[in-house]
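Thanks for sending this one over. Here are my notes, point by point, to read alongside the coordinates.

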Amino acid sequence: YMRNREKSPSNIKSMPVFHDDKIYLTLGGDIWWGKRTSWLKCVDALNGNEIWSYPMNDHCCATPAVWNNLVFVGDTNGEFHCVDAITGQHYWTHELKGDIWASALVADDKVYIGTRRGEFYVFEASKTKKLLYSIRFDSKINATAVAANGLLYVATMEYLYAISNK
């Protein structure tokens with residue numbers, strides 16, 4: 001079998017996001033083959049041309065969250081990125097405790113993201129990094145948090161939590 005980490009297969013494990021005639025997606029890297037390079041890319045949905053490419057240091061399983069001209073995405077190296085949706089300019093990166101398989105959720109001007117170490121983080125949805133909260137749950141978080149009816153739902157590998165701001 002192939003052992004060359006630079007030439008191993010690249011793939012797309014996340015859902016592309018269509019927004020303002022652009023497609024945002026993560027690709028490259030491969031968890032099982034060991035290729036440790038991936039990218040967040042922005043592609044013109046009308047002609048298929050790449051608009052910009054933002055390199056990441058590890059695999060990426062997460063679907064990008066696009067909001068207010070910002071893109072938020074985590075990688076399996078535990079780095080959570082904020083990038084300009086128009087230019088691909090890097091605004092900030094935050095090192096989280098644990099690799100990220102879940103996609104970020106943007107709701108109520110906040111960004112929510114969980115890790116496979118059970119850590120859950122809440123950032124201000126802004127081009128300036130501001131960590132608002134972090135908490136440790138009982139087990140791995142592989143799923144994207146969901147906001148509905150005034151509650152935030154966080155699924156770990158053990159339990160489903162419904163969180164209220166009251």
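1. Let me start with the cysteines. This is a predicted model, and the structure holds 0 disulfides. Cys61 shows why: its sulfur has its closest cysteine sulfur in Cys60, and at 6.7 Å that is too far for a bond, given that a disulfide needs the two sulfur atoms within 2.5 Å. Cys61 is buried, with a relative accessible area of 14%. Cys82 is buried too, at 0% relative accessibility.

2. On the overall fold, you will find 15 strands and 0 helices in the chain. Of its 166 residues, 46% are buried. If you take the contacts between residues at least 6 apart in sequence, 34% of them join residues at least 24 apart. The exposed surface of the chain comes to about 8,900 Å², and carbon and sulfur atoms supply 50% of that area.

3. The aromatic residues deserve a look of their own. The count comes to 11 aromatic pairs. Take Phe80 and Phe123: their ring centres are 5.5 Å apart and their planes meet at 25°, so this pair is stacked, the limit for stacking being under 30 degrees. Phe80 sits in strand 7 (residues 79–84) and Phe123 in strand 11 (residues 119–124), so their pairing ties together parts that are 43 residues apart in sequence. Is this pair of rings buried or exposed? Phe80 is buried at a relative accessible area of 0%, and Phe123 is likewise buried at 0%.

4. A second pair makes a nice contrast in geometry. The rings of Tyr159 and Tyr161 have centres 6.3 Å apart and planes at 70°, so they count as edge-to-face, for which the planes must be over 60 degrees apart. Tyr159 is exposed, with 53% relative accessibility, whereas Tyr161 is partly exposed at 27%.

5. Back to Phe80 and Phe123 for a moment, as both belong to a cluster. Ring pairs link these two with Phe72, Trp92 and Tyr121. Another tryptophan has a charged partner: Arg116 lies over the face of Trp101, 4.0 Å from the ring centre.

6. I would also draw your eye to His81, which lies in strand 7. His81 is buried, at 3% relative accessibility. What does its side chain make a polar contact with? The partner is the side chain of Asp75, at 3.1 Å. Setting aside residues up to four places away in sequence, His81 touches Tyr54, Met56, Val71, Phe72, Val73, Asp75, Trp92 and Thr93. Two of these names, Phe72 and Trp92, are familiar from the aromatic cluster.

7. Next comes the end of strand 10 and what follows. Gly114 is found in strand 10 (residues 110–114) and is buried, with a relative accessible area of 3%. Beyond its neighbours within four places in sequence, Gly114 is in contact with Ile100, Ala102, Glu119, Phe120 and Ile141. Gly98 is 16 residues away from Gly114 in sequence, and their C-alpha atoms are 8.7 Å apart in space.

8. Thr115 belongs to the loop between strand 10 and strand 11. Would you expect this loop residue to be buried or exposed? Thr115 is buried, with a relative accessible area of 0%. Not counting residues up to four places away in sequence, Thr115 touches Leu96, Lys97, Gly98, Asp99, Ile100, Tyr121, Lys140 and Ile141. Ile100 and Ile141 also appear among the contacts of Gly114, and Tyr121 is one of the residues in the aromatic cluster.

9. For comparison, please look at another loop residue. Asn49 is placed in the loop between strand 3 (38–44) and strand 4 (50–56). Asn49 counts as partly exposed, at 46% relative accessibility, whereas Thr115 is buried. Leaving out residues up to four places away in sequence, Asn49 touches Cys42, Val43 and Asp44. Lys22 is 27 residues from Asn49 along the chain, and the C-alpha atoms of the two are separated by 9.8 Å.

Conventions: Residues are numbered from 1 along each chain as its sequence is written. This is a predicted model: local features need pLDDT of at least 70, side-chain atom pairs count only at pLDDT 80 or more; totals for chains, interfaces and linings use all residues. Side-chain values use heavy atoms; hydrogens and water are left out. Rings of Phe, Tyr and Trp (its six-membered ring) pair if their centres lie within 6.5 Å; planes under 30 degrees apart count as stacked, over 60 as edge-to-face and the rest as tilted. Helices (H or I, at least four residues) and strands (E, at least two) are DSSP runs, numbered from the N terminus. Buried means under 20% relative accessible area, exposed over 50%, partly exposed in between (1.4 Å probe, protein chains only). A charge sits over a ring if NZ of Lys or CZ of Arg is within 6 Å of the ring centre and within 35 degrees of the ring normal. Contact means heavy atoms within 4.5 Å. Accessible areas come from the Shrake-Rupley method with a 1.4 Å probe; for residues, only the protein chains shown count as cover. A polar contact is a pair of N or O atoms within 3.5 Å; within protein, one must be able to donate a hydrogen and the other to accept it, and residues adjacent in sequence count only if both atoms are side-chain atoms.
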